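These are my notebook entries on a structure that I went through element by element. I begin with a single residue and work outwards from there.

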Amino acid sequence: MTDTVQLKRWRRPPMIKRTWLRALVWVGVPLYVVLSLGSMEVNWARVIDGLPRAKEFILSFSSPDFTTRWNDIYEGIYESLVMAFASTVVGILISVPIGLGAAKNLAPTPVYLVCRGIIALSRALQEIIVAILMVAIFGFGPFAGFLTLAFATIGFFAKLLAERIEDVSKSQSEAIRATGASWSQWVLYGIHPQVFPRFIGLSMYRLDINFRESAVLGIVGAGGIGATLNTAFDRYEFDTAAAIILIIIALVLMAEYTSSWLRVKVQ
Amino acid sequence: MLELEKLSKAYTSGDYALKDVSFTIEKGQVVALIGPSGAGKSTLIRCINRLVDPTSGTASLNGKNITAMPTRKLRQVRRQMGMIFQDYALVERLTVMENILSGRLGYVGFWRSLFRKFGPEAENDAFGLLEKVGLPGYEDKRADALSGGQRQRVGIARALIQNPSLLLVDEPTASLDPKTARQVMRLIQDLCHERNLAAIINIHDVALAQQFVERVIGLKAGQVAYDGPPEGLTPEVLTEIYGEEDWSATVRKDGDEGASEAETPEAYAVEKE
């Protein structure tokens, strides 16, 4: 034993206090990942068979065919844009009151619970499932897609709007209340200005999601560019499919740039 | 004018934020409310305009019991009480004008407030107040573009456009530098005298309070521990309110007031008629 000075040391307290639980997490999680990967069966022979098809599809991007099926593509894109735009607008109109009701600092508990219930329902039912139901009720075509996307928008938009409302600065909204404002005036002056930039950002984002989503919904018969894309795949017209995918990418990029430009404008 | 009788606020835990607070404030009287952090100063003024509901006791303004009032009527009584905040509490994304006019929300309906139609008198008043608080030409600036002192002046204008008879002022100077703090206190004092407004000013700075008010109420653990003129704040009284400390530099001496009044006459941007 040497005569060195004892330095007082410090260690960050562990996030999980119980040692056995910490050990379980460290060992258990990696083990679970390995086991679950191992449980997936991959038929390598099938993969090798599929490779040439994948190559053909990827190569078709170098020669996309916009012309042969141009009328179909144009109609599909147009239908998708209409569907995305209409469903976003209608979805947001319905989401605003639900979002207000789902904010704990605005709504009394019964209203809060009902609104959160609606949001949970909309989020639980995946778009494809809703679309299949809508197609069953309203038949093939973009109207079923429109209803599906409007419904899906509610769960997304109302939830995120409510979360933003719950984050508003308390002192700003308190000051408005102190002036003798009614509940609706309070929302108008104390809440709305604070959440507006987020509102715009979310609207643009949802428009973008609804457009991309409409490409998938066509596969179950809900109209739009997805239907055109599906037909192209069914006919092994990979060149046309590539053209459609390129158009979708271009439109999504445009939406991306527009929304970031708009977000800067509305600060 | 404002009458508090045995006003109490208890939390569900059973602790009292306020206990049996009783006092009366006359028309035009400016009162400082002092006391250590957690003594219940903020809670007290919020119990008066019912941003916080008191548990028992009453507060009445001009003979009307505020405590028992249903929410619908609360609106009319709230607009008689202008509130000024420590962190200014302006709606940051709105313009200075919208912030000032929001003080008229208690007087107009939903649609008029949506379209910012508060009426020609209100707009004219707002321009007058902007001039008064030393911010002429600032009407279209956004609130978040202003400095602390400027924001507090807008906050004062918002409270005054309500045409109140009482100002509830919560730590108006706590976020300001000493010079701006004095200007803001002087502005509040002048406006109260000019319009014969009563005011309750929560304030940490005892020396500043003594300089600008005619009456001091000391709160300690939710109860009134002192109520009297600023001259009465002796070291013994301050020890009673805050606890043991060396108070020799805080207690006001004769001739102090004249000296501090003379400090920066030009700093106060408001023109005095």
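**Entry 1: a buried alanine**

I looked up Ala89(B) and found that, with a relative accessibility of 1%, Ala89(B) counts as buried. For this and later entries I take buried as under 20% relative accessible area, exposed as over 50% and partly exposed as in between, with a 1.4 Å probe and protein chains only. The model is a predicted one, in which local features need pLDDT of at least 70 and side-chain atom pairs count only at pLDDT 80 or more, while totals for chains, interfaces and linings use all residues. Residues are numbered from 1 along each chain as its sequence is written, chains are lettered from A and ligands numbered from 1 in the order in which they are written, and side-chain values use heavy atoms, with hydrogens and water left out.

I then placed Ala89(B) in the loop between strand 6 (81-84) and helix 3 (96-101) of chain B; helices (H or I, at least four residues) and strands (E, at least two) are DSSP runs, numbered from the N terminus. I noted its phi as well, because most residues other than glycine have a negative phi. For Ala89(B), phi is positive, at about 55 degrees.

**Entry 2: Lys6(B) and its surroundings**

I found another positive phi at Lys6(B), near 50 degrees, again in a residue other than glycine. Lys6(B) belongs to strand 1 (residues 2-10) of chain B and, at 51% relative accessibility, counts as exposed.

Which residues does Gly57(B) touch, leaving out those up to four places away in sequence? I listed Glu5(B), Lys6(B), Leu7(B) and Thr67(B), where contact means heavy atoms within 4.5 Å. Gly57(B) sits in strand 4 (residues 56-61) of chain B and is partly exposed, its relative accessible area being 29%.

Val21(B), in strand 2 (residues 16-25) of chain B, counts as buried at 0% relative accessibility. Beyond four places in sequence, I recorded that Val21(B) touches several residues, among them Leu4(B), Glu5(B), Lys6(B), Leu7(B) and Leu44(B). Gly222(B) is also on that list, and although 201 residues separate Val21(B) from Gly222(B) in sequence, their C-alpha atoms are 7.6 Å apart.

**Entry 3: Lys220(B)**

I asked whether Lys220(B) is buried or exposed; at 36% relative accessibility, Lys220(B) counts as partly exposed. Its place is strand 9 (residues 215-220) of chain B, and outside the four places either way in sequence it touches Ala39(B), Ala225(B), Glu240(B) and Ile241(B). The C-alpha atoms of Lys220(B) and Gly40(B) are 7.9 Å apart, with their positions 180 residues apart along the chain.

**Entry 4: helix 2 of chain A**

I turned to helix 2 (residues 44-59) of chain A, whose 16 residues reach 22 Å from first C-alpha to last, close to the 22 Å expected at 1.5 Å a residue; the expected span is 1.5 Å times one less than the number of residues. Where is the kink in this helix? I located it at Gly50(A), shortly before the proline Pro52(A), with a value of about 35 degrees, the bend being the angle between axes fitted to the seven residues ending there and the seven starting there. Helix 2 of chain A is hardly covered, the count of buried residues among its 16 residues being one.

**Entry 5: helices 8 and 10 of chain A**

I last examined how helix 8 (residues 183-217) and helix 10 (residues 238-265) of chain A pack, and noted an angle of about 175 degrees with the axes 9 Å apart; axes are lines fitted to C-alpha atoms, for helices over the stretch in contact, and angles run from 0 to 180 degrees between N-to-C directions. Helix 8 of chain A is therefore roughly antiparallel to helix 10 of chain A, a term used for angles over 145 degrees.

Among the residues in this contact I noted Met204(A) and Phe211(A) from helix 8, and Leu251(A) and Leu262(A) from helix 10.

In helix 10 of chain A I also looked up Ala242(A), which is buried with a relative accessible area of 0% and is in contact with Ser60(A), Phe61(A) and Pro64(A), its neighbours within four places in sequence left aside.

Definitions and conventions
Parallel < 35°, antiparallel > 145°, perpendicular 65-115°, else oblique.
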